[in-house]
Amino acid sequence: MASSADTAGDGTHGAEEGETRRDFLMLATGAFGAFGAAAAAWPLIDQMNPAADTLAASTTEVNLEPIKPGQRILVKWQGKPVFIVRRTKAQIEAAGGVDLANLPDPETDAKRAQKPEWLIVVGVCTHLGCIPSGTKQGELKGEFGGWFCPCHGSHYDTSGRIRKGPAPKNLPVPAYKFLSDKLVKIG
């Protein structure tokens, strides 16, 4: 017959071995759970990357030759509208003569336009993402001769700067480079 000392010895050994197995099972379960969570989260994170068609349109070249002084055109770049304006001397002078202290988002016209004659801005209102009017002939251009956002009433000037309304920032200027006097590359 086994003595009580032998039984206690077996039980202690079994408890230590059980804890070791339990620890291993907990670690293995945790590792599989973490792997499963990462595998489930990956599609959600991956879908936030730009689509293939957007990446393919990461740059766009625009021929500026047919644009007359005072004319505005709209082109697409990365799925967003981009306004290109060939400004007149009067528009350039008006944009340069604005008192920056009166602007919600002060920025000089010279900083916004590489060449004063050409203004290139992303045509998405910085308030809630609407597309401001004023690019097509006959559209409302707002109080300052630039663009008017019909969604909530933001007014932009001929430099794309916010002058009135709820928009907190100026229309963004995309990265662009003049390849020649008549060709610009956006992006």
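1. Let me start with a pair that caught my eye: Arg87 and Asp109 come together through their side chains in a salt bridge, at 2.8 Å from N to O. (A salt bridge here is a side-chain nitrogen of Lys or Arg within 4 Å of a carboxyl oxygen of Asp or Glu.) The two partners sit 22 residues apart and link distant parts of the chain, with Arg87 in the loop between S3 and helix H3 (89-96) and Asp109 in helix H4 (residues 109-112). Arg87 counts as buried because its relative accessible area is 3%, and Asp109 is buried too, at 9%. (Buried is under 20% relative accessible area, exposed is over 50%, and partly exposed lies in between, with a 1.4 Å probe and protein chains only.)

2. A word on what we are looking at. This is a predicted model, where local features need pLDDT of at least 70 and side-chain atom pairs count only at pLDDT 80 or more, while totals for chains, interfaces and linings use all residues. Residues are numbered from 1 along each chain as its sequence is written, and side-chain values use heavy atoms, with hydrogens and water left out.

3. On confidence: the protein has a mean pLDDT of 86, with 88% of its residues at 70 or more. (pLDDT is the predictor's confidence in each residue, from 0 to 100.) Among the elements, S4 has the highest mean, 94, and helix H2 (residues 52-56) the lowest, 66. Where pLDDT is low, the predicted coordinates should not be read in detail.

4. The fold has four helices and nine strands, running α-α-β-β-β-α-α-β-β-β-β-β-β along the sequence. (Both are DSSP runs numbered from the N terminus: helices are H or I with at least four residues, strands are E with at least two.) Take contacts between residues at least 6 apart in sequence: 53% of them join residues at least 24 apart. (Contact means heavy atoms within 4.5 Å.)

5. Now the inside. Of the 187 residues, 30% count as buried. The largest nonpolar core has 15 residues, and Val62, Leu64, Ile84 and Ile186 have the most contacts inside it. (Such a core is a set of buried Ala, Val, Leu, Ile, Met, Phe, Trp, Tyr and Cys residues joined through side-chain atoms within 4.5 Å.) At least two of its residues come from each of strands S2 (72-77), S3 (80-86), S4 (118-122), S8 (176-180) and S9 (183-186). A second, separate core has 13 residues, including Ala113, Leu119, Cys130 and Cys149.

6. Which residues does Ile186 touch, leaving aside its neighbours within four places in sequence? Among them are Val62, Val75, Trp77, Val82, Ile84, Ile120 and Tyr176.

7. Back to charges: the structure holds seven salt bridges. Arg112 pairs with Glu107, the closest N and O atoms being 2.8 Å apart, and both residues are buried. Asp157 and Arg161 form another, at 3.0 Å between the closest N and O atoms. Here too the partners are buried, Asp157 at 2% relative accessible area and Arg161 at 1%. Shared partners join Asp157, Arg161 and Arg163 into one network of salt bridges.

8. Finally, the outside. Trp42, Ile45 and Met48 make a nonpolar surface patch of about 380 Å². (Patch residues have over 30% relative accessible area and no salt bridge; nonpolar side chains, namely Val, Leu, Ile, Met, Phe, Trp and Tyr, are joined within 5 Å, and like charges within 9 Å.) Ile45 belongs to helix H1 (residues 4-46) and is partly exposed, at 47% relative accessibility.

Key
Accessible areas come from the Shrake-Rupley method with a 1.4 Å probe; for residues, only the protein chains shown count as cover.
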